[in-house]
Amino acid sequence: MRDYREFARALNGQSGRVSLAEPFIPRVITEQLIWRRGAQLWDSAEHYIDTLCELYAYVKSDVVFVDARAYNLRELIERRELLPEGMKFVVIIDRTSELDALMDDSICAVMTDELDIVERVGTSRERGKSLIFGKPCVYLSRALGDAAKDDILSASERGFNGVYLPKTDERLIEFAAEKSVVLLGGVGVDAVNHTQPLDIYNRVEWLTEHRLRLIGSGGFGEPVEYLGFISLLGKYQKLL
């Protein structure tokens with residue numbers, strides 16, 4: 001059963017089951033998964049939302065990730081009736097987005113690659129965390145190693161609930177826990193593309209054993225191997 005509250009609980013560091021964190025599933029993979037393809041899937045806000053609602057419902061996500069940098073945010077949320085039962089949007093924004101539209105109840109969280117966006121109008125603090133029009137924030141980091149550690153620290157200082165990483169390890173997990181930051185993604189596109197299905201299963205298992213519950217490849221839309229990606233999804237779905 002899809003339930004956006006599971007994603008929200010994990011993002012708030014509360015107990016519960018795993019939830020999928022795959023905000024940038026490549027178009028090629030999307031079209032393979034939903035068995036439809038063509039420019040008409042992406043040529044308007046309505047078609048884009050329809051495509052992503054079908055995709056994220058199929059992969060058993062609790063939320064639908066939408067990129068408001070590519071489409072007008074208000075146009076996207078006007079299609080909220082397309083959301084499958086139990087699901088809400090997680091919206092990817094930047095400084096050009098109409099942030100007051102985030103007040104809509106169909107949105108449960110926001111993602112951004114701009115750390116200073118939490119200093120804009122509409123941001124409040126609650127228990128040390130920044131909320132943009134009441135929505136918790138996730139920082140999108142492309143960093144690895146020590147640079148990822150720096151991003152976790154910067155996000156923590158600005159009150160972000162979570163950091164989405166390309167790949168994580170035990171050192172980063174421990175550091176994020178010290179800073180009260182939840183990590184998302186972290187499997188690694190290299191693992192998805194260059195290891196066997198069993199290795200991917202074991203990688204996901206290792207992450208969950210280290211208390212990561214928002215599981216994903218850590219990709220940003222770059223090409224991924226279909227077999228590796230469905231192996232990740234298969235292991236995730238077995239954990240539900």
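**Exercise 1. Salt bridges across the chain**

The structure holds 17 salt bridges, and keep in mind that this is a predicted model. Take the pair Glu98 and Arg74: work out where the two partners sit and whether they are buried or exposed.

*Solution.*

Step 1. Start with the contact itself. The side chains of Glu98 and Arg74 form a salt bridge, with 3.1 Å from N to O.

Step 2. Place the partners. Glu98 is in the loop between strand E3 (88–92) and strand E4 (107–112), while Arg74 belongs to helix H4 (residues 73–77). They are 24 residues apart, so this pair links distant parts of the chain.

Step 3. Check accessibility. Partly exposed covers the range between the 20% and 50% cut-offs. Glu98 has a relative accessibility of 33%, so Glu98 is partly exposed. Arg74 comes out at 31%, so Arg74 is partly exposed too.

**Exercise 2. Two helix-to-helix pairs**

Which helices do the salt bridges Arg171–Asp146 and Lys235–Glu205 tie together? Give the accessibility class of each partner as well.

*Solution.*

Step 1. Look at Arg171 and Asp146, whose side chains meet in a salt bridge at 3.0 Å, N to O. Arg171 lies in helix H6 (residues 170–178) and Asp146 in helix H5 (residues 145–157), so the bridge ties together parts 25 residues apart in sequence.

Step 2. Sort these two by accessibility. Arg171, at 37%, counts as partly exposed. Asp146 has 53% relative accessibility, so Asp146 counts as exposed.

Step 3. Move on to Lys235 and Glu205, which pair up in a salt bridge at 2.6 Å, N to O. Here Lys235 sits in helix H9 (residues 226–238) and Glu205 in helix H8 (residues 197–209), so parts 30 residues apart in sequence are tied together.

Step 4. Sort this pair as well. Lys235 has 15% relative accessibility, so Lys235 counts as buried. Glu205, at 28%, is partly exposed.

Step 5. One last thing about salt bridges: some share partners, and in that way Arg36, Asp50 and Glu54 join into one network.

**Exercise 3. How H2 and H3 pack**

At what angle do helix H2 and helix H3 pack, and which residues meet there?

*Solution.*

Step 1. Get the geometry. H2 (residues 27–34) packs against H3 (residues 45–58) at about 70°, and the two axes are 10 Å apart.

Step 2. Put a word to that angle. Roughly perpendicular means 65 to 115 degrees, so H2 is roughly perpendicular to H3. The crossing of H2 past H3 is left-handed.

Step 3. List who touches whom. H2 brings Thr30, Leu33 and Ile34, and H3 brings Thr51, Glu54, Leu55 and Tyr58.

Step 4. Sort the contact residues by type: four are nonpolar, two are polar and one is charged.

**Exercise 4. Positive phi without glycine**

Where are Lys60 and Phe133 found, and how accessible are they?

*Solution.*

Step 1. Recall the background. Most residues other than glycine have a negative phi.

Step 2. Now Lys60. Its phi is near 65°, a positive value, and Lys60 isn't a glycine. You'll find Lys60 in the loop between H3 and strand E2 (63–67). Its relative accessible area is 41%, so Lys60 is partly exposed.

Step 3. Look around Lys60. If you skip residues up to four places away in sequence, Lys60 touches Tyr236, Gln237 and Leu240. Ser19 and Lys60 are 41 residues apart in sequence, and their C-alpha atoms are 8.8 Å apart in space.

Step 4. Then Phe133, another non-glycine residue, with a positive phi of about 50°. Phe133 is in the loop between strand E6 (129–132) and strand E7 (135–140). With 23% relative accessibility, Phe133 counts as partly exposed.

**Exercise 5. The surroundings of Phe24**

Is Phe24 buried or exposed, and which residues is Phe24 in contact with?

*Solution.*

Step 1. Find Phe24 in the loop between strand E1 (19–20) and H2.

Step 2. Apply the cut-off: buried means under 20% relative accessible area. Phe24 has 13%, so Phe24 is buried.

Step 3. Read off the contacts. Leaving out neighbours within four places in sequence, Phe24 is in contact with Tyr56, Asp67, Arg69, Ile92, Leu140, Tyr164, Gly219, Phe220 and Gly221.

Step 4. Add a distance. Phe24 and Arg80 are 56 residues apart along the chain, and their C-alpha atoms are separated by 20 Å.

Methods: Residues numbered from 1 in each chain as written. Predicted model: local features only at pLDDT ≥ 70, side-chain atom pairs only at ≥ 80, totals over all residues. Heavy atoms only, no water. Axes fitted to C-alpha atoms, helices over the stretch in contact; angles between N-to-C directions. Helix = DSSP H or I, 4+ residues; strand = E, 2+ residues; numbered from the N terminus. Parallel < 35°, antiparallel > 145°, perpendicular 65-115°, else oblique. Left-handed = near helix turned anticlockwise from the far one by under 90°. Contact = heavy atoms within 4.5 Å. Nonpolar A, V, L, I, M, F, W, Y, C, P; charged D, E, K, R; others polar. Buried < 20%, exposed > 50% of the residue type's maximum accessible area, 1.4 Å probe, protein only. Salt bridge = Lys/Arg side-chain N within 4 Å of Asp/Glu carboxyl O.
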